[in-house]
Amino acid sequence: MGDRGGAGGSRRRRTGSRSSSQGGGGGPAAAEEEVRDVGAGGDAPAPVPEKDKDGDAVVGSGHWDLRCHRVQDSLFSSDSGFSNYRGILNWCVVMLILSNARLFLENLIKYGILVDPIQVVSLFLKDPYSWPALCLVIVANVFAVAAFHVEKRLAVGALTEQAGLLLHMVNLATILCFPASVAFLLESITPVGSVLALAVYTILFLKLFSYRDVNLWCREHRASAKAKAKAASTGKKANGGAAQVMGTVNYPDNLTYRDLYYFLFAPTLCYELNFPRSPRIRKRFLLRRLFEMLFFTQLQVGLIQQWMVPTIQNSMKPFKDMDYSRIIERLLKLAVPNHLIWLIFFYWLFHSCLNAVAELMQFGDREFYRDWWNAESVTYFWQNWNIPVHKWCLRHFYKPMVRRGYSKWIAKVGVFLASAFFHEYLVSIPLRMFRLWAFTGMMAQIPLAWIVSRFFRGNYGNAAVWLTLIIGQPVAVLMYVHDYYVLHHEAQSTGA
């Protein structure tokens, strides 16, 4: 302490002599030196340096001018907490656009313009006076009305539950078998027309399955509520387990054609007696969705004709020669346009089309997808990319199996089996060949989900999910196209 005080005293003496030699003790320099002496002597805390808006010391604030470093991590280090990579994302988008622009120009130079709207019409119709796919869609009303009348008779007790179940099973089985037989046997229907008709019947199957289940639950609920009311002798009305609420529909008042067809056209697969409704139709929102539907339809058709078709046609010879290096090269070349078209199709269907239908029908629940692009596991992807199907599987397939005593793993395998069946149903029957590539691809998701969850986490898991989407689909496309080409074109040329 004495040494420190002595040092301060000597410093003060030097300061005093310097100030006196400059001819005055009241100047600014003297005042600054006096403040420094107080800080150095320990009589008062050192002055806090002034800082600018960036947190750096202002020039002229003493020895703090020399400090320009502090303990901190680099931005790319995980400990830095930095997360704003918007510029890098923009760079990736620019590079993606430039690389695909090069491929597009190369395609135009090599093949010319291949987009032909007339050819698109021929994909749906072989004969302009024959519309078999449209006729199939119109006939689907018969099965919907049949399910409605079965439910009407069940509601009034004219049918037993066993008889109603049998009639529903026959109706649902016919919904799947009838259009498949027509598509497989009728030569005038095109593969694209078959896909659309079978997709309509598949949606009808899922909707009527849900329609039957929910009405059955309402009957069971009503019966149990009546039994409780009778036992308690309350005299209260037991309609669906609750008294009538203003503005709601209770069972069996829901059994009307208006209610049935609202459900059939609504963008959902799960039936409810009272759907959430939006207050009004937003015209600007609807026009934007309709414009997107038109624009992205044209874009998908153009990309398929201009980009995918030549690549697939050039892939037939390597498949025929079993040139594996060329097959892999063609597969990777097909992966980019296929994945881009799939992404456009996702936006077109799940955002533009379903939102347009929901807006027209004032359907309130617009959760048609979740953030599947952030999926770090295969399971998360399948649970979030197609919410209408996921809700149906969870409500009418997975949970009923678990309630019946099956394990969750068995129930999950059952869901993938059902999904694999419908994928193969929508591909093999229109192409009139059974190769089970779609079925195998869906069932392969089970071991793939285990591998990704076991060995990949976080960003690595997300990258693994994206890789399976980018590579897996072109493999199935090439398999089906190759088999279809061999079965139809080469067989016809050999026969000729």
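## Ground rules

Here, buried means under 20% relative accessible area, exposed means over 50%, and partly exposed is anything in between (1.4 Å probe, protein chains only). This is a predicted model, so local features need pLDDT of at least 70 and side-chain atom pairs count only at pLDDT 80 or more, while totals for chains, interfaces and linings use all residues. Residues are numbered from 1 along each chain as its sequence is written, and side-chain values use heavy atoms, with hydrogens and water left out.

## The chain as a whole

You're looking at a chain with 17 helices and zero strands; helices (H or I, at least four residues) and strands (E, at least two) are DSSP runs, numbered from the N terminus. The chain has 496 residues, and 34% of them count as buried. Its accessible surface (Shrake-Rupley method, 1.4 Å probe; for residues, only the protein chains shown count as cover) adds up to about 30,900 Å², with 65% of that belonging to carbon and sulfur atoms.

Contacts, meaning heavy atoms within 4.5 Å, often link distant parts of the sequence. Take those between residues at least 6 apart in sequence: 71% of them join residues at least 24 apart.

## Annotated transmembrane stretches

The unreviewed UniProt entry carries the annotation "transmembrane region" for residues 129–151, 163–186, 192–209, 290–309, 340–361, 409–428, 434–452 and 464–481. A caveat on those records: positions follow the numbering used here, feature names are shortened, and annotations may be inferred rather than shown by experiment.

How does the model treat two of these spans? Over residues 192–209 the backbone is 100% helix and 0% strand, and the C-alpha atoms at the two ends sit 26 Å apart. Residues 464–481 likewise come out as 100% helix and 0% strand, with 26 Å between the end C-alpha atoms.

Leu186 falls in the loop between helix H6 (161–185) and helix H7 (191–232). This leucine counts as partly exposed, at 35% relative accessibility. Leaving aside residues up to four places away in sequence, Leu186 touches Pro132, Ser181 and Arg432. Pro132 is 54 residues away along the chain, yet its C-alpha atom is 8.5 Å from that of Leu186.

## Two histidines

His423 is where the unreviewed UniProt entry places the feature "active site". In the model, His423 belongs to helix H14 (residues 408–431) and is partly exposed, with a relative accessible area of 36%. Beyond residues up to four places away in sequence, His423 touches Ala438 and Met442.

His396 sits in helix H13 (residues 387–403). Is His396 buried or exposed? The answer is buried, with a relative accessible area of 4%. Again not counting residues up to four places away in sequence, His396 touches Phe209, Ser210, Asp213, Val214, Trp217 and Cys270. With Asp213 there is also a side-chain polar contact of 3.0 Å (a pair of N or O atoms within 3.5 Å; within protein, one must be able to donate a hydrogen and the other to accept it, and residues adjacent in sequence count only if both atoms are side-chain atoms).

## Salt bridges

Side chains of opposite charge can pair when their charged atoms come close. A salt bridge here is a side-chain nitrogen of Lys or Arg within 4 Å of a carboxyl oxygen of Asp or Glu, and the whole structure has 12. Asp213, the partner of His396 in that polar contact, also bridges to Arg212, with the closest N and O atoms 3.1 Å apart. Asp213 is buried at 9% relative accessible area, and Arg212 counts as buried too, at 18%.

Another pair is Arg366 with Glu359, whose closest N and O atoms are 3.0 Å apart; Glu359 is buried, with a relative accessible area of 0%. Glu367 and Arg370 bridge at 2.7 Å, with Glu367 partly exposed at 32% and Arg370 partly exposed at 30%. Through shared salt-bridge partners, Asp365, Glu367, Arg370 and Lys391 form one network.

## A nonpolar patch

Leu75, Phe76, Phe82, Tyr85, Ile88, Trp91, Val94, Met95 and Leu98 make up a nonpolar surface patch of about 930 Å². Patches take residues with over 30% relative accessible area and no salt bridge, joining like charges within 9 Å and nonpolar side chains (Val, Leu, Ile, Met, Phe, Trp, Tyr) within 5 Å. One of the members, Ile88, is in helix H3 (residues 86–111) and is partly exposed, at 38% relative accessible area.
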